[in-house]
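Hi,

Here is the model I promised to pass on. Have a look at it first, and my notes follow underneath.

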Amino acid sequence: MKKAFALMLGVLTAIGGFVDIGDLVTNGLVGARFGMSLAWVVVVGVVGICVFAEMSGRVAAVSGRATFDLIRERLGPRVGVANLVASMLVTFLTFAAEIGGVALALQLATSVNRYLWIPVVGAAVWLVLWRVKFATVENAFGLAGLALIVFAVAVWKLSPDWSALWSDALRPSVPEEESLPVYWYYAIALFGAAMTPYEVFFFSSGGVEERWSAKNLATMRANVFVGFPLGGLLSLAIAAAATIVLMPAKVEVDSLGQIALPVVQATGKIGLAFLLVGFFAATFGAACETSLSIGYSVAQYFGWQWGKFVEPLRAARFHTVLLLATVGAIALLLTTVDPIMLTEYSVVFSAIALPLTYLPILIVANDRTYLGDHANGRVANALGSVYLVVVLAASVAAIPLMLFTKAGQ
Amino acid sequence: MRSRHALPAVLLAVLPLTGCVTTAVDSGAYVENGKAALDSTISATASAQLAVQARLSGDAPRMFTDVLVTESEGSIAPIESSFGGVDPPNPSDDALRDAVLDAVGTAGDALSDARVAIRRDDMTALAAAGTDLQKAQSALKSLRESLG
């Protein structure tokens, strides 16, 4: 019974924790501009994140050490530092975007300007990371994030032409008003949003925090192979809601409030209340995860004591990194940079950094010194290799497409 | 060797500029600028209109509607200044400039009226502002269609 409860809790938090500001903004924006014609990218991205999260979780469960820790040991400090710098820069941008997302959600609920909320949110994130237990953070925000299911309810209540939605998704084509380079630019952005590097580092370090062992492999796999795809369905629901309401109205998404409009139209004030809880939980939870990922990466690279499973005093340098990252993110946002624009750039830069994150994970997951009989099998290696080609192609194409399309204009 | 090191810095410096409006070099480019300005204004008025309709039908709380309409109104000034700041390349383009700025300005006025009505919680004035928004949006759409 206890095991079944743990399994269900893990799956539910994986669903609720899957969507972050990158998924919210990119799916809303893409749905409003391209309809469901980029739904295939979400599917490709979700399969990819499942492949690498499973490897990363397996490494943590079997070796008892986080992926980044092993990358430095296995590949040496030079490769490790390239991996560290790339993933940290992208994760820092994502962290700032998440704090901005929380502020935007609070602005929608209170109409108090987001710039007044930003320092408050930053302080709250830091306080939670300092005082609240890891499992509480993960479970509370993951479960509250399930409120975003209201997007699926809204799609159902809007009574769309289901056959048109399906045909749009199954037979993707570039809409008349859009060009092919812009279509591919947003395909890469959507792919970057689904496969954000912080997710795997957080997942593996979280496994160590929760003291996973080989016995937890089944639970970990259920979280990944059930929770993540269901989270991906939430992403598709966001895109579908935008397709039904925002696309015909010719709304170009550049705010979180616009993404909420289909839900308000379909479900009224009650739906909006659920949505605001979902926005807050998804972005606040992801802000905690991204901040922790920065701390984990730096501390694991330099070999410092890390984690929330020890007293903050015993992991002082880890907590100092968390504090500095939070102050830096607040400072970045207070330059009055638009959090939505920051999110759009962060998902594209995520795509650029993907090979540096996922190649080392594939190498470590193949090392029998650490994993013994649990090292990658043929299926995992075949999928991992295919995805490496995909992430490499996305990474190489991202900057030229960004310049050529003027960032998707 | 130095140029190799300079490349990432140049890229980082150029990337934030890629979203800027291009200067019109001829009438064709000026028309494209006009279309972009109209598209952005149509988007702003459409999202405000959806929010106003939701408020009038009792589906949206006042604060949520206020945020959306204020954001839409706030996006009009940058559109006006970026399009209005570009000189028409030929005298024959002056009519396009006047038509676009007039339509964008009318939409801005309707958004201001909607914002005031929401903050006063005056549903009668909000319904009137909603009608004005709809008219402004129709004008924007027909002008946009005339540009191809």
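How many residues of chain B are in contact with chain A, and how many of chain A with chain B? Keep in mind that this is a predicted model. On the chain B side the count is 21 residues, and they meet 24 residues of chain A. Two elements of chain B give two or more residues each to that side, namely α2 (27-56) and α3 (62-84). The largest share is from α2(B), with eight residues. As for the chemistry, the side of chain B that touches chain A has 13 nonpolar residues, next to five polar and three charged ones.

While we're on chain B, here is its general make-up. You'll find five helices and zero strands in chain B, so to speak an α-α-α-α-α pattern when you read along the sequence. Chain B has 148 residues, and 37% of them are buried. I also checked how far apart in sequence its contacts reach: of the contacts in chain B with a separation of 6 or more, 75% are between residues 24 or more positions apart.

Over in chain A, I looked at one helix pair. Helix α1 (residues 2-16) of chain A packs against helix α11 (residues 217-245) of chain A at an angle of about 35 degrees, and their axes are 7 Å apart. The crossing of α1(A) and α11(A) is right-handed. If you want to pull up the residues involved, α1(A) brings in A:Ala6, A:Leu7, A:Gly10, A:Val11, A:Ala14 and A:Ile15. Among those they meet in α11(A) are A:Ala222, A:Val226, A:Gly227, A:Leu230 and A:Leu234. Sorted by class, this contact of α1(A) with α11(A) has ten nonpolar and five polar residues, with no charged ones.

One last residue to click on is A:Ser205, which sits in helix α10 (residues 197-209) of chain A. Is A:Ser205 buried or exposed? It counts as buried, because A:Ser205 has 29 C-beta neighbours inside 10 Å, and the cut-off for buried is 20 or more. Leaving aside residues up to four places away in sequence, A:Ser205 touches A:Ala66 and A:Tyr296. If you'd like a distance to check in your viewer, take A:Ser205 and A:Leu362: they are 157 residues apart along the chain, and their C-alpha atoms are separated by 16 Å.

Cheers

Conventions. Residues are numbered from 1 along each chain as its sequence is written. Chains are lettered from A and ligands numbered from 1 in the order in which they are written. This is a predicted model: local features need pLDDT of at least 70, side-chain atom pairs count only at pLDDT 80 or more; totals for chains, interfaces and linings use all residues. Two residues are in contact if their C-beta atoms, placed from the backbone, lie within 7 Å. Helices (H or I, at least four residues) and strands (E, at least two) are DSSP runs, numbered from the N terminus. Ala, Val, Leu, Ile, Met, Phe, Trp, Tyr, Cys and Pro count as nonpolar, Asp, Glu, Lys and Arg as charged, and the others, Gly among them, as polar. A residue is buried if 20 or more other C-beta atoms lie within 10 Å of its own, exposed if 12 or fewer, and partly exposed in between; C-beta atoms are placed from the backbone. Axes are lines fitted to C-alpha atoms, for helices over the stretch in contact, and angles run from 0 to 180 degrees between N-to-C directions. A crossing is left-handed if the near helix is turned anticlockwise from the far one by less than a right angle, and right-handed if clockwise.
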